[in-house]
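Me: I am new to this structure and would like to learn how to read it feature by feature. Could you take me through it slowly, giving the general idea before each case?

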Amino acid sequence: QRGMNERMVGDVIQQLGCRDEVVIATKVFLKETQRDVYAPAIKDLFLERFAQSLERLKTNRVDILYYHAAREVDNPPILEALAELKKAGQVRFCGVSFHGDQAAMLDEMRRGRFFDVALVIFNAALGHPEIAHGDEPRLIRAFEAAADSGIGLVAMKTQCGGGGGWAQRPAGYPELKDLDHGALLKWVLRHPFITTAVPGYTTFEQMEVDLAAGRDLEYTPAEKAFLQRERIRLAESFCIQCHQ
């Protein structure tokens with residue numbers, strides 16, 4: 001939203017005076033055309049974008065800073081920028097968010113031993129072993145290995161694209177209002193390698209559903225029935241990164 005999310009978060013935290021009681025995560029995104037410039041320019045651009053984020057958030061530090069939509073985790077100018085920000089106390093943990101080959105990127109993060117957090121795609125469509133695509137066991141192994149190495153995994157896209165992409169869903173797929181979002185969020189959070197999640201909501205009612213799931217991860221009978229009934233159709237209607 002062109003920085004509006006950061007402004008809203010910054011305004012509320014300032015009004016409540018609760019900066020030390022919350023964890024703030026934000027991202028720096030460098031468009032593809034801006035990643036090909038020579039190394040010093042990339043570093044300077046990254047630092048400039050982060051300074052703008054701090055101004056919008058009305059704070060002098062964030063707890064997690066993600067290098068957003070990364071295609072690599074060993075970009076020297078990005079690593080230099082993050083290391084400087086961490087040393088200066090402006091960033092507590094360095095993270096990466098990515099949408100490509102998650103298993104490969106996580107393995108690279110483990111080897112590099114630089115990043116603390118990864119923002120990963122994980123949901124019931126992607127993770128069910130009954131779904132016939134070859135990536136799932138490899139992805140789960142990569143998640144487990146990353147968590148065992150100390151990398152915090154934050155799940156995104158937790159509710160199977162509930163907010164968008166509906167134009168391409170197959171005929172007969174359950175409408176948004178028919179999805180059991182509590183079940184979908186619990187499914188993600190019940191995996192021990194997931195630290196926390198970014199849930200989807202746009203109304204207070206939906207927010208309460210998400211918060212209730214976080215308080216109690218046990219499935220209700222209705223939630224169990226939903227997952228058993230809908231998991232294949234969920235997979236047919238949300239990207240499961242099978243590269244086909």
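**Reading a strand, a sheet and a helix pair**

Reply: Let us begin with one strand of this predicted model. Along β1, Thr-26 and Val-28 point to one face and are buried, while Ala-25 and Lys-27 point to the other face and are not buried.

Me: What is the general idea behind such a pattern in a regular strand?

Reply: In a regular strand, side chains alternate between the two faces of the sheet. In this structure the alternation can be followed along β1, where Thr-26 and Val-28 share one face and Ala-25 and Lys-27 share the other.

Me: Is Thr-26 buried or exposed, and what is its relative accessible area?

Reply: Thr-26, which is found in strand β1, residues 25–28, has a relative accessible area of 10% and is therefore buried, since buried means under 20%.

Me: Which residues does Thr-26 touch, leaving aside those up to four places away in sequence?

Reply: With those set aside, Thr-26 touches Glu-6, Ser-53, Leu-57, Val-62, Ile-64, Leu-65 and Tyr-66. With Glu-6 there is also a polar contact of 2.6 Å, which joins the side chains of the two residues.

Me: How should I read the way strands are put together in a sheet?

Reply: The general idea is that strands of a sheet pair through backbone hydrogen bonds, either parallel or antiparallel. Here 6 strands form an open sheet in the order β1-β2-β3-β4-β5-β6, and the pairing is parallel. The strands β1 and β6 (196–197) stand at the edges with a single partner strand each, so one side of each is left without a neighbour in the sheet.

Me: How many bridges join β1 to β2, and which residues are partners?

Reply: The strand β1 is joined to β2, residues 62–67, by 4 bridges, and the two run parallel. Ala-25 has Ile-64 as its bridge partner in β2, and Val-28 has Tyr-67. As for β2 itself, 6 of its 6 residues are buried, and the strand is mostly covered.

Me: What joins β2 to β3, and what joins β4 to β5?

Reply: Between β2 and β3, residues 91–97, there are 5 bridges, and these strands run parallel; Val-62 stands opposite Val-91 in β3. Between β4, residues 117–121, and β5, residues 152–156, there are also 5 bridges and a parallel course, with Met-156 in β5 as the bridge partner of Ile-121.

Me: May we turn to helices, and how should two packed ones be described?

Reply: Two packed helices are described by the angle between their axes and the distance between the axes. For helix α1, residues 4–16, and α2, the axes come within 7 Å and cross at roughly 40°. That makes α1 oblique to α2.

Me: Which residues of α1 and α2 meet?

Reply: Glu-6, Arg-7, Val-9 and Gly-10 in α1 meet Ser-53, Arg-56 and Leu-57 in α2. The residues of this contact divide into 2 nonpolar, 2 polar and 3 charged. Two names in it connect back to the strand, as Glu-6 and Ser-53 are among the residues that Thr-26 touches.

Me: Where does Ala-51 lie, and is it buried, exposed or in between?

Reply: Ala-51 lies in helix α2, residues 39–57, and is partly exposed, with a relative accessible area of 42%. Its C-alpha atom and that of Val-28 are separated by 10.0 Å, although these residues are 23 residues apart along the chain.

Me: What can be read from the loops that follow β4 and β5?

Reply: Asn-123 has its place in the loop between β4 and α5 (124–127), and at 0% relative accessibility it counts as buried. The side chain of Asn-123 reaches the backbone oxygen of Lys-157 at 2.8 Å. Lys-157 belongs to the loop between β5 and α7 (181–189) and counts as partly exposed at 40% relative accessibility. The phi angle of Lys-157 is near 55°, a positive value in a residue other than glycine.

Me: How many helices and strands does the whole protein have, and what share of its residues is buried?

Reply: The secondary structure comes to 9 helices and 6 strands, and 44% of the 244 residues count as buried.

Definitions and conventions:
Residues numbered from 1 in each chain as written. Predicted model: local features only at pLDDT ≥ 70, side-chain atom pairs only at ≥ 80, totals over all residues. Heavy atoms only, no water. Buried < 20%, exposed > 50% of the residue type's maximum accessible area, 1.4 Å probe, protein only. Axes fitted to C-alpha atoms, helices over the stretch in contact; angles between N-to-C directions. Parallel < 35°, antiparallel > 145°, perpendicular 65-115°, else oblique. Contact = heavy atoms within 4.5 Å. Nonpolar A, V, L, I, M, F, W, Y, C, P; charged D, E, K, R; others polar. Polar contact = N/O pair within 3.5 Å; in protein donor to acceptor, adjacent residues only side chain to side chain. Pairing = 2+ DSSP bridges.
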